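The following exercises concern the structure shown below. Each task is followed by a worked solution.

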Amino acid sequence: AGWGSAGTDPTKYRGVAYGAHLIGYGTGEAVEAVNVLAAFDHALAHRAEYNIKVINNSWGPGAFTPYDPEHPVNRAIDAAWNDGVSVVFGAGNDGTRTDSLNMFSANPHAISVGSGAKNHQQAFYSSKGVPGHAQLHPTVTAPGDSIASVRATTGFTVWAADAQTVAAPDADAPTGADAAYYAVSSGTSMAAPHIAGVVALLQQ
């Protein structure tokens with residue numbers, strides 16, 4: 001949703017749906033389920049008040065956790081879908097093996113987003129589904145490799161972004177004055193917001 005206005009080129013770091021309104025729910029870096037459920041409850045209770053159309057999620061239980069339709073988070077995803085709210089989940093970053101999909105992204109009422117590289121290939125780390133399985137697979141692949149966005153000022157993400165910039169310089173990596181406000185990082189957590197932005201554009 002960012003306008004990119006902090007950059008020296010105000011169009012370079014614009015988001016997919018720049019100018020969209022955001023509501024941020026902080027669940028902590030440990031992502032405790034009770035906080036997640038409270039966030040879903042609040043979003044659904046206030047969806048009409050805030051015109052909430054899509055919920056983006058870039059977290060999950062990790063690879064090889066079996067899909068459980070009765071898990072409270074999966075029930076929350078179902079409730080959002082039933083209320084007409086799209087739910088987007090990063091597929092996960094455990095893609096060196098099959099059946100490594102983020103269990104919550106495997107929910108048929110969620111949009112599971114894999115990560116693509118800038119050469120239009122699937123990123124090597126992007127979690128995989130089960131070949132031939134009707135449900136256990138990413139729904140769509142979106143850009144997720146070396147994606148520039150607003151620099152985090154707290155938490156681990158700022159360090160991951162800085163390491164990515166140093167270890168694998170990218171043509172889109174912020175430099176000079178832009179580096180104070182933007183950084184690059186990779187993962188399905190970078191791909192999922194692209195699809196949430198597309199949903200916002202479609203809703204608009």
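**Exercise 1.** Is R47 buried, partly exposed or exposed? Determine also its salt-bridge partner and the parts of the chain that the pair connects.

*Solution.* The coordinates belong to a predicted model.
Step 1. The relative accessible area of R47 is 31%. Exposed requires over 50% and buried under 20%, so R47 is partly exposed.
Step 2. The side chain of R47 meets that of D83 in a salt bridge, with an N to O distance of 3.6 Å.
Step 3. R47 belongs to helix α2 (residues 47-50), whereas D83 lies in the loop between α3 (72-82) and β2; the pair therefore ties together parts that are 36 residues apart in sequence.
Step 4. D83 has a relative accessibility of 34% and is thus also partly exposed.

**Exercise 2.** State how many salt bridges the structure holds, and characterise the one formed by E70.

*Solution.*
Step 1. Side chains of opposite charge can pair when their charged atoms come close.
Step 2. The structure holds two salt bridges.
Step 3. E70 pairs with R75, and their closest N and O atoms are 3.0 Å apart. This distance satisfies the cut-off, which is within 4 Å.
Step 4. E70 has a relative accessible area of 53% and is therefore exposed. R75, at 49%, is partly exposed.

**Exercise 3.** Describe the open sheet of four strands and the helix that packs on it.

*Solution.*
Step 1. The strands are ordered β1-β2-β3-β4, and their pairing is parallel.
Step 2. β1 (54-57) and β4 (140-143) are the edge strands, each pairing on one side only.
Step 3. From one strand to the next, the twist averages 35°.
Step 4. Helix α5 (residues 188-203) packs on the sheet and touches β1, β2, β3 and β4. The direction of α5 makes about 125° with that of β3.
Step 5. Within the sheet, β2 (residues 86-90) and β3 (residues 111-116) run parallel and are joined by three bridges. G90 stands opposite V113 in β3.

**Exercise 4.** Identify the residues of the nonpolar surface patch and assess L202.

*Solution.*
Step 1. The patch is formed by V16, V198, L201 and L202, which together have about 340 Å² of accessible area.
Step 2. L202 is located in helix α5.
Step 3. The relative accessible area of L202 is 70%, so this residue is exposed.

**Exercise 5.** H120 and S146 have positive phi values. Where does each residue lie, and is each buried or exposed?

*Solution.*
Step 1. H120 is not a glycine, yet its phi is about 70°. H120 is placed in the loop between β3 and β4.
Step 2. With 74% relative accessibility, H120 is exposed.
Step 3. S146, likewise not a glycine, has a phi of about 55°. S146 lies in the loop between β4 and β5 (147-150).
Step 4. The relative accessible area of S146 is 7%, which is under the 20% limit, so S146 is buried.

**Exercise 6.** Summarise the overall organisation of the protein.

*Solution.*
Step 1. The secondary structure comprises five helices and six strands. From the N terminus on, the elements run α-α-β-α-β-β-β-β-α-β-α.
Step 2. Of the 204 residues, 35% are buried.
Step 3. Among contacts between residues at least 6 apart in sequence, 72% join residues at least 24 apart.
Step 4. The accessible surface comes to about 11,100 Å², and 56% of this area belongs to carbon and sulfur atoms.

Terms used. Residues numbered from 1 in each chain as written. Predicted model: local features only at pLDDT ≥ 70, side-chain atom pairs only at ≥ 80, totals over all residues. Heavy atoms only, no water. Pairing = 2+ DSSP bridges. Helix = DSSP H or I, 4+ residues; strand = E, 2+ residues; numbered from the N terminus. Axes fitted to C-alpha atoms, helices over the stretch in contact; angles between N-to-C directions. Contact = heavy atoms within 4.5 Å. Buried < 20%, exposed > 50% of the residue type's maximum accessible area, 1.4 Å probe, protein only. Patch = residues over 30% accessible without salt bridge, like charges linked within 9 Å, V, L, I, M, F, W, Y side chains within 5 Å. Areas by Shrake-Rupley, 256 points an atom, 1.4 Å probe, with all protein chains shown as cover.
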